[in-house]
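User: I'm a first-year student and this is one of my first protein models. Could you zoom in on one spot for me and then show me what surrounds it in the bigger picture?

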Amino acid sequence: MKKHVLIIGLGLIGGSLALAIKKEHADVYIYGYDIDTDSVSMAQSLKVIDEGVQSIEEAAAIADLLIISTPVVKTMEILEQLQHVPLKSGALITDVGSTKKRIMEKGRKLENKDVTFIGGHPMAGSHKTGVTAAKAHLFENAYYVITPDQSVPTPAVIRLQNWLKGTRARFLTMLPEEHDQLAGVISHFPHVIAASLVRQVEKISYEHPQVGQLAAGGFRDITRIASSSPTMWRDICVHNKEILLELLQSWQKELRDVTGMIESEDEKALYDFFSQAKTYRDELPSKKRGALPAFYDLYVDVPDHPGVISDVTGILAEAGISITNIRIIETREDIMGVLRLSFRSESDLQAGKQSLNDHLYETYVAQ
Ligand SMILES: NC(=O)C1=CN([C@@H]2O[C@H](COP(=O)(O)OP(=O)(O)OC[C@H]3O[C@@H](n4cnc5c(N)ncnc54)[C@H](O)[C@@H]3O)[C@@H](O)[C@H]2O)C=CC1
Ligand SMILES: O=C(O)C(=O)Cc1ccc(O)cc1
C-alpha cells in the first residue's frame with residue numbers, strides 16, 4: 001500500500017528531507033504544509049512535495065510519517081497542536097530542530113495517542129533558508145542525531161532510519177541534554193559569536209566606512225554563519241538558554257585571560273594561547289561533515305587576467321565535475337590571484353585537481 005508523509009515547514013531542511021525521502025522511496029506520496037502559502041506553491045512547483053495542504057489536519061490522519069521542520073519555538077506549538085488532531089495509529093513523528101531537550105519534553109506527550117515521537121537533528125545545513133535552497137544531498141555524510149526515549153522500541157527507531165536513509169547521513173543516538181550541550185558548544189555558541197563579531201565591525205564602520213571593504217578573507221570565513229536566519233537563531237537561543245549562559249560565562253573568563261596576556265605583553269602566554277588553539281584545530285577531522293560543514297576546497301593560482309575564471313570553470317565542466325562555490329581570494333594588479341573552488345566531495349576535489357593540473361594550473365589543498 002502507498003505510504004504517506006507529511007512535512008510541516010517547507011524550508012531548507014524540510015525540503016531537503018522531502019527530496020532525500022523521494023530518492024529512496026519512489027512510491028511514497030508527500031504532502032507539505034507551511035504557514036507561508038508561497039512556500040507551499042514553490043515546493044509543489046519544484047516537485048519537492050506531491051501535494052500542498054492548507055492545514056495540518058488535512059493530511060495528518062493518513063500520514064505514516066510526520067516531519068516537523070519549522071523553527072524550534074514553532075515546533076513546540078505544532079507538537080501541542082498534534083495532541084488534538086487525529087493521527088494514524090502507529091505513525092512515526094519526528095522533528096529536525098537544532099535543540100532537543102524542550103522538544104522531547106513536549107513530543108513524548110504524544111505517546112498516549114498510539115504514535116511514536118523520536119526527536120531528530122540532522123547536523124548539517126547552510127546559512128541559506130527556504131525551499132529553493134533545498135538539496136537531496138544536503139546531509140550526505142553528516143551526523144544525524146536522534147534522541148529516542150527509552151520507551152521507544154528499537155524497530156521504531158530502525159523504521160525512522162529507514163525512512164531517512166536517502167539522506168546518506170550517519171545516525172547517532174544521544175540523550176537530549178547531551179545533544180544540547182554539544183550542539184551548544186560547536187554550533188549555537190559560534191553563531192552568537194559570529195553575529196557579535198559582525199556587529200563590532202558594523203559599529204566601527206560608522207566612523208571608518210572602508211572597514212567593510214577590508215573585511216575579507218579570514219573575517220568573512222569565520223562570520224559566514226552570521227548570514228543565517230535570525231528567526232531560527234532567536235528560537236535556538238531561547239531553547240538552549242542555560243547552556244548558552246554557561247558558555248558565555250566561560251568565554252568571558254577566556255577573554256579576561258587574553259586581556260591580561262595582552263596588557264602585560266606576556267609573549268610566552270600569547271604564543272601558547274594561539275599554539276594550543278592551532279594544535280587542537282589542526283587535529284579536528286576535516287573531511288567529515290559536522291554541524292559546521294567540512295569543505296572540499298581547492299586553491300588555484302591564476303594569472304590575473306580577464307577570462308581566467310571561465311577558463312577554469314570550463315575545464316571542470318568539460319570533465320563533468322561540478323563546483324559548489326568559487327571565490328577570488330586575492331587579486332592585485334601585480335600578483336597572481338588565487339581562486340578557491342569548493343567541491344561536493346573528496347573525489348570531485350581530486351578529479352578537479354587532476355584536470356586543472358593537466359591544463360598546467362598550479363593547485364593546492366589547504367590542510
Ligand atoms: N538551517 C540549517 O542549517 C539547519 C536547521 N535546522 C533546524 O531546522 C528547522 C528549520 O530550519 P530551516 O529549514 O533552515 O528554516 P527555513 O526558514 O528554511 O524553513 C522553515 C519553514 O518553516 C515555516 N514555518 C514557520 N512557522 C510555521 C508554522 N507555524 N507552521 C508551518 N510552517 C511554519 C516557514 O514558513 C519556513 O518555510 C529549525 O528548527 C532549525 O533549527 C537543523 C539543522 C540545520
Ligand atoms: O551553515 C553552517 O555552517 C551551519 O552551522 C549549519 C547548521 C545550522 C544549524 C544546525 O542545527 C546545524 C547546522
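Is Glu 265 buried or exposed, and how many other C-beta atoms are within 10 Å of it?

Analyst: Quick heads-up before we dive in: this is a predicted model. Glu 265 is exposed: 8 other C-beta atoms are found within 10 Å. A residue counts as exposed when that number is 12 or fewer, so with 8 Glu 265 falls on the exposed side. As for where to look, go to the loop between helix H11 (241-263) and helix H12 (267-283), and you'll find Glu 265 there.

The backbone at this spot is worth a look too. Most residues other than glycine have a negative phi. Glu 265 isn't a glycine, yet its phi is positive, at about 50 degrees. Leu 360 does something along those lines: its phi is about 70 degrees, again positive, and again the residue is not a glycine. You'll spot Leu 360 in the loop between helix H14 (346-358) and strand S12 (362-364). Leu 360 is exposed as well, with 6 other C-beta atoms within 10 Å.

Now let's zoom out. The protein splits into domain 1 (4-174), domain 2 (178-283) and domain 3 (296-364). The C-alpha centres of domain 1 and domain 2 are 31 Å apart, and where these two meet, 14 residues of domain 1 are in contact with 17 residues of domain 2. On the domain 1 side, H4, helix H5 (101-107) and strand S7 (143-147) each bring at least two residues. That side is made up of five nonpolar, six polar and three charged residues.

Then there's ligand 1. Both domain 1 (4-174) and domain 2 (178-283) give residues to the shell around ligand 1, so the ligand lies between them. There are 30 residues around ligand 1, and Gly 9, Gly 11, Ile 13, Ser 98 and Gly 125 are the ones that come nearest. Helix H1 (12-24), helix H4 (72-82), strand S6 (116-122) and helix H10 (230-239) each put at least two residues into this shell. Sorted by class, the shell holds twelve nonpolar, 15 polar and three charged residues.

Next up, the sheet. Strands of a sheet pair through backbone hydrogen bonds, either parallel or antiparallel. Here, eight strands form an open sheet in the order S3-S2-S1-S4-S5-S6-S7-S8, and the pairing is mixed. At the edges sit strand S3 (51-52) and strand S8 (170-173), each pairing on one side only.

Let's walk along part of that order, beginning at the S3 edge. Two bridges join S3 to strand S2 (residues 29-33), and the two run parallel. One bridge you can look for links Gly 32 with its partner Gly 52 in S3. S2, helix H2 (residues 37-45) and S3 together make a right-handed β-α-β unit. S2 itself is mostly covered, with four of its five residues buried.

On we go to strand S1 (residues 4-8), which pairs with S2 in the parallel sense over five bridges. Val 5 stands opposite Ile 30 in S2. The chain gets from S1 to S2 by way of H1, and this β-α-β crossover is right-handed. Remember H1 from before: it is one of the helices that supply residues to the shell around ligand 1.

S1 is also joined to S4, by four bridges, and these two run parallel. Val 5 turns up here again, with Leu 65 as its bridge partner in S4. In a regular strand the side chains alternate between the two faces of the sheet. Strand S4 (residues 65-68) is covered on both faces: Leu 65 and Ile 67 are buried on one side, and Leu 66 and Ile 68 are buried on the other. Four more bridges link S4 to strand S5 (residues 92-95), running parallel. In this pair, Ile 67 stands opposite Thr 94 in S5. The chain goes from S4 through H4 to S5, in a right-handed β-α-β crossover.

For one last stop, try Asp 114, in the loop between H5 and S6. Asp 114 counts as exposed, with 11 C-beta neighbours inside 10 Å. Leaving aside residues up to four places away in sequence, Asp 114 touches Ser 89 and Gly 90. Glu 140 is 26 residues from Asp 114 along the chain, and their C-alpha atoms are separated by 32 Å.

Definitions and conventions. Residues numbered from 1 in each chain as written. Chains lettered and ligands numbered in written order. Predicted model: local features only at pLDDT ≥ 70, side-chain atom pairs only at ≥ 80, totals over all residues. Near = placed C-beta within 6 Å. Nonpolar A, V, L, I, M, F, W, Y, C, P; charged D, E, K, R; others polar. Domains from an automatic or database assignment. Buried ≥ 20, exposed ≤ 12 C-beta atoms within 10 Å, placed from the backbone. Contact = placed C-beta atoms within 7 Å. Pairing = 2+ DSSP bridges. Right-handed = clockwise from strand over helix to strand, strands pointing away.
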